[in-house]
Amino acid sequence: VKRLDQTIYLAPEGFVDELRTELGDASDVRERLVFAPGPPRTVAWAQNVWLEPYEIEIGSITDAARKLRSIQRNWALCSLTLHRRAKLIQDALPHVSARPISFPSQAPAAPLGSWTLLDTHRLIASPNCTSPFPNGEVEFKEDRQGPPSRAYLKLWEALVRLGKWPRQGERCIELGSSPGGWTYALHKLGADVISVDKAPLDPKVAALPRVSILERSAFSIEPEEVGAVDWWFCDVICYPARLFTLVSRWLAAGTCRRFVATLKFQGRTDHQTARRFAAIPGSLLVHLFHNKHELTWILAEVET
Ligand SMILES: C[S@@+](CC[C@H](N)C(=O)[O-])C[C@H]1O[C@@H](n2cnc3c(N)ncnc32)[C@H](O)[C@@H]1O
């Protein structure tokens, strides 16, 4: 067993280049696993980070399972090669539930390791990873009746990531809300929602009792006209640089406690603006499993 002097990052599907750009000095790339020298760094374009990787010699399937079990109980396989052999090893380990979770609920608390076969007699395993979900894949029991779009899944994931969600009676504003997936989900939590979009909401969402509608441009709303809100949400389609200006204005107003916003990239990824978001004190910039060519910016609590 040899401790690697590296950290391993799992890129979201289709975004290996984004992750490599962020890391700058990736030494080795195996499909979506990117090996970079040194201790873990904070990156946005990773679905999971293997914080403590070991290279382990194995004699057989039984030997591999025994060695992994001796490190810890729960393991997720990230299969790159020799898929059949890898699966036989995984099947010899304690079963890890990959059942979809319901919302709202806290992320699993049990540590989950990740491992992969390098070749027949070597594997890499990290008992310590950033995501408690297998390969960072957060699957939900979906609500197929209520929300008019599937966009609510990335909102749910952001809130599970945060470990908090709007409570009954809290005030939320949502910019870029049509057709109303997020608004529906926030209302369902018991919150009061100010829902802003140039386009109309789905009539079923528009008719909900604690939803008030502003059919205007998100950029025309002044924080002062809305007053204090507990949660500020934004899923507007716009260039990330324009979103940054918008967020800065709302932060400066000091009327909102928590923020969740989607950065939507059009064409090339704007890494420079992404870094500006990541540098906002106390915030988190992540690629969620339910994000496309997007990142989600989360500010858990405005620092006062
Ligand atoms: C991805 S959709 C939002 C989906 C929504 N969060 C949901 O859960 O159903 C993006 C929205 O941004 C809106 N949008 C684009 N520019 C806008 C602007 N200047 N002001 C308000 N909304 C805008 C579009 O009308 C569109 O409805």
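Glu-31 counts as exposed in this predicted model, with a relative accessibility of 54%. That puts Glu-31 past the 50% cut-off for being called exposed. Its home is the loop that links strand 3 and strand 4. The backbone does something a bit out of the ordinary for a residue that isn't glycine here: phi of Glu-31 is positive, near 50°.

Leu-82 also has a positive phi, about 45°, and Leu-82 isn't a glycine either. This residue sits in the loop between strand 7 and helix 3. With a relative accessible area of 34%, Leu-82 is partly exposed. A glycine with a positive phi turns up as well: Gly-24, just after helix 1, has a phi of about 80°.

Now for helix 1 itself, which covers residues 16-23. Its buried residues are Val-16, Glu-18, Leu-19 and Leu-23. Looking down the helix axis, these buried residues fall within an arc of 160°, so they line one face of helix 1. The general rule behind such patterns is that an α-helix has 3.6 residues a turn, so residues three or four places apart point the same way. As for what lies over the buried residues of helix 1, the cover includes strand 2 (6-10), strand 3 (28-30), strand 4 (33-37) and helix 9 (271-278).

Helix 9 can be read in a similar way. Here His-271, Thr-273, Ala-274 and Phe-277 are buried. Down the axis of helix 9, the buried residues keep within an arc of 160°, so they line one face of that helix. Turned away from the buried side is a face with the exposed residues Gln-272 and Arg-275. The buried residues of helix 9 pack against helix 1, along with helix 8 (240-253), strand 14 (256-264), strand 15 and strand 16.

Strand 15 (283-286) and strand 16 (294-299) are joined by a loop, and His-287 is found in that loop. Being in a loop doesn't leave His-287 out in the open: this residue is buried, with a relative accessible area of just 4%. The side chain of His-287 reaches the backbone oxygen of Lys-292 at a distance of 2.9 Å. Setting aside neighbours within four places in sequence, the contacts of His-287 take in Pro-12, Phe-15, Ala-44, Trp-45 and Ala-46, and also Lys-292, Glu-294 and Leu-295.

Arg-73 is a loop residue too, placed between helix 2 (61-71) and strand 7 (75-77). Unlike a buried residue, Arg-73 is exposed, at 52% relative accessible area. Its side chain makes a polar contact of 2.8 Å with the side chain of Asn-74. Once residues up to four places away in sequence are left out, Arg-73 touches Pro-94 and His-95. Arg-73 and Gly-113 lie 40 residues apart in sequence, yet their C-alpha atoms are 8.4 Å apart in space.

A few steps along, Ala-76 belongs to strand 7. Ala-76 is buried, with a relative accessible area of 4%. Its C-alpha atom is separated by 4.8 Å from that of Ser-114, a residue 38 places away along the chain. Not counting residues up to four places away in sequence, Ala-76 touches Ser-114 and also Gln-90, Leu-112, Gly-113, Trp-115, Pro-134 and Asn-135.

The model also has cis peptide bonds. One joins Phe-103 and Pro-104, with omega at about -5°. Pro-104 is in the loop between helix 3 (83-91) and strand 8 (113-119). Another cis peptide bond joins Ser-178 and Pro-179, with omega at about 5°. Pro-179 is part of the loop between strand 10 (171-175) and helix 5 (181-188).

Finally, there's the ligand. It is surrounded by 21 residues, and the closest are Ser-149, Trp-182, Asp-197, Ala-218 and Asp-235. Sorted by class, this shell has eight nonpolar, seven polar and six charged residues. An oxygen atom of the ligand is 3.1 Å from a polar backbone atom of Gly-180. Trp-182 uses its backbone as well, with an N or O atom 2.9 Å from an oxygen atom of the ligand. With Asp-235, a polar side-chain atom lies 2.8 Å from a nitrogen atom of the ligand. Taken alone, the ligand exposes 600 Å², and the protein buries 84% of that.

How values were computed
Residues are numbered from 1 along each chain as its sequence is written. This is a predicted model: local features need pLDDT of at least 70, side-chain atom pairs count only at pLDDT 80 or more; totals for chains, interfaces and linings use all residues. Side-chain values use heavy atoms; hydrogens and water are left out. A residue is near a molecule or strand if one of its heavy atoms lies within 4 Å of it. A polar contact is a pair of N or O atoms within 3.5 Å; within protein, one must be able to donate a hydrogen and the other to accept it, and residues adjacent in sequence count only if both atoms are side-chain atoms. Accessible areas come from the Shrake-Rupley method with a 1.4 Å probe; for residues, only the protein chains shown count as cover. Ala, Val, Leu, Ile, Met, Phe, Trp, Tyr, Cys and Pro count as nonpolar, Asp, Glu, Lys and Arg as charged, and the others, Gly among them, as polar. Buried means under 20% relative accessible area, exposed over 50%, partly exposed in between (1.4 Å probe, protein chains only). Helices (H or I, at least four residues) and strands (E, at least two) are DSSP runs, numbered from the N terminus. The arc is that of the directions from the helix axis to the C-beta atoms. Contact means heavy atoms within 4.5 Å.
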